[in-house]
Number of protein chains: 2
Amino acid sequence: MTPETVAAHAPLELEHFLPYRLSILSNTVSQSIATEYQDRFELSMTEWRVMTILARFPEISAREVVDRSAMDKVAVSRAVARLVNAGRVDRGIHDGDKRRSVLKLSEAGWAIHDEVAPLARAHERELLARLDQGEQAQLNSILDKLLAT
Amino acid sequence: MTPETVAAHAPLELEHFLPYRLSILSNTVSQSIATEYQDRFELSMTEWRVMTILARFPEISAREVVDRSAMDKVAVSRAVARLVNAGRVDRGIHDGDKRRSVLKLSEAGWAIHDEVAPLARAHERELLARLDQGEQAQLNSILDKLLAT
DNA sequence: ACGTTATAGTTTCACTTGTAACCAATTGCA
DNA sequence: TGCAATTGGTTACAAGTGAAACTATAACGT
């Protein structure tokens, strides 16, 4: 297989391929945050995401957590189960619809939230520090477009 | 828990949190490409990545595949095993170092590559079509900075 | 030359994840 | 009212994944 033959097949150059670059960046960033709270609190990324949602929207059902996140319902169900088990989330039953749960962070849950949230924000700041103000704004607006439905 | 109390805890707003947005975007994009080739060729994302690397750099070892990708060696080992098994990759042994494998796409492997690569590129184009020329350039330069080391 | 250390790659085991099937409660409507 | 369809949530099973142990070969230092 000569170089000419390879070129004829027009192989992808991963390092210039947008989906690949996004994937590397996203994994690097998420993983660097996740390792911190995983080590310190034995908290999976899914669990942490559920916690952030319950922090903003207390007293919602698992279904609503699913709707507000990009997670699927099995993942949420399992994360909630672990969180309830660990005493980090209180689960009640909805008045008038016994299928629905009513979820909120417990005291212990809030305590963890209040430690992890600043840590996550610090990572975000650190990342953004590589860009100037203009680039930060551009990135946001570009992501808005790429994420639109 | 009143709204005021919630605010006091300063919960993260996931939809404005950069690592989260990156993660959603990256998963959406990679997944939409992956489902296509998974359905059509029973090819996992890891296998496809190995194939793209072998397309550009034929006759390299598994170790070099690891170095050139962000995958870990176990994942590569398994992907290569499946690819060899499916007759999509030929595996030889390095002259002078019997530990090293020498990998390259087989005819069948190239045939698949030549179908999937344009498909992946089409997805990338489709994504980039939401941005104008300037934004595309900005995104590239921003990703360069964020991905540096 | 010989034992130690390092490297390439595979295997094993425990854990996570995704899909589909499932159960129970609720809704819709004939 | 009663029964089919829908919805919230969990469970079961198969497949995928990661960390560590393992095998075989090679490199290094004395």
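Modeller: A residue counts as buried when its relative accessible area is under 20%, and as exposed when that area is over 50%, with partly exposed in between. The structure discussed here is a predicted model.

Biologist: Is A:Tyr37 buried or exposed, going by its relative accessibility?

Modeller: The cut-off for a buried residue is a relative accessible area under 20%. A:Tyr37 has a relative accessibility of 2%, and therefore A:Tyr37 counts as buried.

Biologist: With which residue does A:Tyr37 form an aromatic pair?

Modeller: A search of the whole structure finds 2 aromatic pairs over all chains. In one of them, with 5.9 Å from centre to centre and 40 degrees between the planes, the tilted partner of A:Tyr37 is A:Trp48. The pair links distant parts of the chain, 11 residues apart, since A:Tyr37 belongs to helix α2 (residues 18-41) of chain A and its partner to helix α3 (residues 45-56) of chain A. At 5% relative accessibility the partner also falls among the buried residues, and its name is A:Trp48.

Biologist: What kind of aromatic pair do B:Tyr37 and B:Trp48 form?

Modeller: Planes under 30 degrees apart count as stacked and those over 60 as edge-to-face, with the rest as tilted. The ring centres of B:Tyr37 and B:Trp48 are 5.9 Å apart and their planes stand at 40 degrees, so the pair is tilted.

Biologist: What relation do chain A and chain B have to each other?

Modeller: Chain B can be laid on chain A with an RMSD of 0.1 Å, by a turn of 180 degrees and a shift of 0.1 Å along the axis. The relation of the two chains is therefore that of a two-fold axis.

Biologist: Over the ring of which residue does the charged end of B:Arg68 sit?

Modeller: In chain A, A:Arg68 lies over the face of A:Phe57, at 3.8 Å from the ring centre. In chain B, the charged end of B:Arg68 is 3.9 Å from the centre of a ring, and that ring belongs to B:Phe57.

Biologist: Which helix gives the largest share of the surface near DNA strand C?

Modeller: The residues around DNA strand C number 18, and those that come nearest are A:Arg78, B:Arg63, B:Arg91, B:Arg99 and B:Ser101. At least two residues of the surface near the strand are supplied by each of α5 (73-85) of chain A, α4 (62-68) of chain B and α5 (73-85) of chain B. The largest share, 4 residues, comes from α5(B).

Biologist: How far is a polar backbone atom of B:Arg63 from a phosphate oxygen of DNA strand C?

Modeller: Sugar or phosphate accounts for 49% of the atoms of DNA strand C within 4 Å of the protein, and bases for the rest. Phosphate oxygens of the strand lie 2.6 Å from a polar side-chain atom of B:Ser77 and 2.5 Å from an N or O atom in the side chain of B:Ser101. For the polar backbone atom of B:Arg63, the distance to a phosphate oxygen is 2.4 Å.

Biologist: Is B:Glu42 buried or exposed?

Modeller: B:Glu42 is not a glycine, although it has a positive phi of about 45 degrees, and its place is in the loop between α2 and α3 of chain B. Its relative accessible area is 69%, and therefore B:Glu42 is exposed.

Biologist: What is the relative accessibility of A:Glu59?

Modeller: A:Glu59, a residue other than glycine, has a positive phi near 65 degrees and is placed in the loop between α3 and α4 (62-68) of chain A. A:Glu59 counts as partly exposed because its relative accessibility is 45%.

Conventions:
Residues are numbered from 1 along each chain as its sequence is written. Chains are lettered from A and ligands numbered from 1 in the order in which they are written. This is a predicted model: local features need pLDDT of at least 70, side-chain atom pairs count only at pLDDT 80 or more; totals for chains, interfaces and linings use all residues. Side-chain values use heavy atoms; hydrogens and water are left out. Copies are superposed by least squares on the C-alpha atoms of residues with pLDDT of at least 70 in both. Rings of Phe, Tyr and Trp (its six-membered ring) pair if their centres lie within 6.5 Å; planes under 30 degrees apart count as stacked, over 60 as edge-to-face and the rest as tilted. Buried means under 20% relative accessible area, exposed over 50%, partly exposed in between (1.4 Å probe, protein chains only). A charge sits over a ring if NZ of Lys or CZ of Arg is within 6 Å of the ring centre and within 35 degrees of the ring normal. A residue is near a molecule or strand if one of its heavy atoms lies within 4 Å of it. A polar contact is a pair of N or O atoms within 3.5 Å; within protein, one must be able to donate a hydrogen and the other to accept it, and residues adjacent in sequence count only if both atoms are side-chain atoms.
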